[in-house]
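Here are some notes to read alongside the model. I hope they help you find your way around.

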Amino acid sequence: MGIFSFFTRETELEEGSAEQSSGQTESAPTGELFQGMRMDAVLEEGNHHLSGQIVQVTNNTLTLNRMPGDLSFQVFPLGAEIKLNGYDRKLIPIHLSGTVEESTRTIFKVKDVQLKRHEEIRDTFRLVYTAPVSLYRESDTRLLHPEPCDLVDISVGGCCVVSDLVHMEDEIVRIRIKLDEYVPLDFLGQIIRCSSEAQGRFKYGILFAQLTEKEITTLTKTLYNLQMGIKETHMRTEEGPWTGLPNPNPDKLRR
């Protein structure tokens, strides 16, 4: 199957725009990009990121405009290699790569777009999202001594956070993440990447302990709802599926 069999044809996008503006929406075929679909663009080095909605697709280019309510885009360097991630209307994750052709405060265009395939595609989708995070020492099983951090992105495999405090690579930590109106999610994780940031802060890549199939499905749907701006399906129960996660053998942490 070719890369662009995943794309809704440009003519279909134009024809569908009038229906969408009138409140009528049709389900996109499985694995297809569609008019207004949100995509997250991340520089391969991870220093730039933006979220926009698809306004045009051609044989090898993709153009994003700002999401409703968003201000200006972050400007990417021209020619930079990037990753694009999104979900279609049937909750199928789509992962693309390409090169920045045009990047302004209002328009983001990518050329040489290619479909990225992964052995386990659910583990590779990373949602760029800002949210409060608390880190805890592994021994703090009651989560009594939080270390406030800022979430950079999250997937079902792990997350990236920024902190004021120093941690060591391979250190085991507990993480509590509050995503919008959802109940806080508690994870056990291992720091697998460390880097220095501006203003004396530190960025950490954290690998989650192996999740169950039910947890993976729930978190995948949560990330999809957040990306698509779906509010009515948020969980508001007092307990989440990750509360009281047991302490597994660190050797079994998924890499």
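The points below go through the barrel, a second group of strands, the cores, a helix and the salt bridges.

1. A word on the source: this is a predicted model. Please keep that in mind for every angle and distance below.

2. Let us begin with the barrel. Six strands close up in the order S1-S2-S3-S6-S5-S4, and their pairing is antiparallel. On average, neighbouring strands in this sheet are turned by 45 degrees against each other, ignoring direction. Where S1 (residues 38-43) meets S4 (residues 81-87), four bridges hold the antiparallel pair. For a residue to look up there, take Leu 43, whose bridge partner in S4 is Ile 82. Helix H2 (residues 213-228) packs on the sheet and touches both S1 and S4. The direction of H2 makes about 105 degrees with that of S4.

3. Next comes strand S13 (residues 202-208). How much of S13 is buried? Six of its seven residues are, so the strand is largely enclosed by the rest of the structure. S13 has antiparallel neighbours in S10, through six bridges, and in S12 (residues 185-196), through seven. On the S10 side, Ser 163 stands opposite Phe 202; on the S12 side, Ile 191 stands opposite Ile 206. S12 and S13 also form a hairpin with five residues between them. In that turn, Gln 199 has a positive phi of about 60 degrees.

4. Gly 158 deserves a look of its own. This glycine is found in S10, which covers residues 158-163. With a relative accessible area of 2%, Gly 158 is buried, because the cut-off for that class is under 20%. Its C-alpha atom is separated by 4.7 Å from that of Phe 208, although the two residues are 50 apart along the chain. Leaving aside residues up to four places away in sequence, Gly 158 touches Arg 126, Ile 206, Leu 207 and Phe 208.

5. Now for the nonpolar cores. The largest has 30 residues, and those with the most contacts inside it include Leu 151, Val 161, Ile 177 and Ile 206. At least two residues of this core come from each of S8 (132-137), S9 (147-154), S10, S11 (172-177), S12, S13 and H2. Which element gives the most? That is H2, with five residues. Val 161 makes a good starting point for a tour: among the residues it touches, beyond those up to four places away in sequence, are Val 133, Leu 135, Leu 151, Tyr 204 and Ile 206. Another core, of 23 residues, lies apart from the largest one, and among its members are Ile 54, Phe 76, Leu 84 and Phe 108.

6. H2 appears in both parts of this story, as it packs on the barrel sheet and contributes to the largest core. Its 16 residues should span 22 Å at 1.5 Å a residue, and the end C-alpha atoms are 22 Å apart, so the two values agree. Buried residues of H2 include Ile 216, Leu 219, Leu 223 and Leu 226, along with polar ones such as Thr 220 and Asn 225. What covers the buried residues includes S1, S4, S7 (127-128), S9 and S12. After the helix comes Gly 229, with a positive phi near 75 degrees.

7. Finally, the charged pairs. How many salt bridges does a search of the whole structure find? The count is six. In one of them Asp 40 pairs with Arg 38, with the closest N and O atoms 3.3 Å apart; both residues are buried. Arg 137 and Glu 171 form another, at 2.5 Å between the closest N and O atoms. This pair links distant parts of the chain, with Arg 137 in S8 and Glu 171 in the loop between S10 and S11, 34 residues apart. Arg 137 counts as partly exposed at 45% relative accessibility, whereas Glu 171 counts as buried at 16%.

8. One further pair is worth displaying: the side chains of Arg 176 and Asp 186 meet in a salt bridge of 2.5 Å, N to O. Arg 176 lies in S11 and Asp 186 in S12, so the bridge ties together parts ten residues apart in sequence. Here Arg 176 counts as partly exposed at 30% relative accessibility, and Asp 186 is buried at 9%. Elsewhere, salt bridges that share partners join Asp 150, Asp 164 and Arg 201 into one network.

Notes:
Residues numbered from 1 in each chain as written. Predicted model: local features only at pLDDT ≥ 70, side-chain atom pairs only at ≥ 80, totals over all residues. Heavy atoms only, no water. Pairing = 2+ DSSP bridges. Axes fitted to C-alpha atoms, helices over the stretch in contact; angles between N-to-C directions. Contact = heavy atoms within 4.5 Å. Buried < 20%, exposed > 50% of the residue type's maximum accessible area, 1.4 Å probe, protein only. Core = buried A, V, L, I, M, F, W, Y, C linked by side-chain atoms within 4.5 Å. Expected span 1.5 Å × (residues − 1). Salt bridge = Lys/Arg side-chain N within 4 Å of Asp/Glu carboxyl O.
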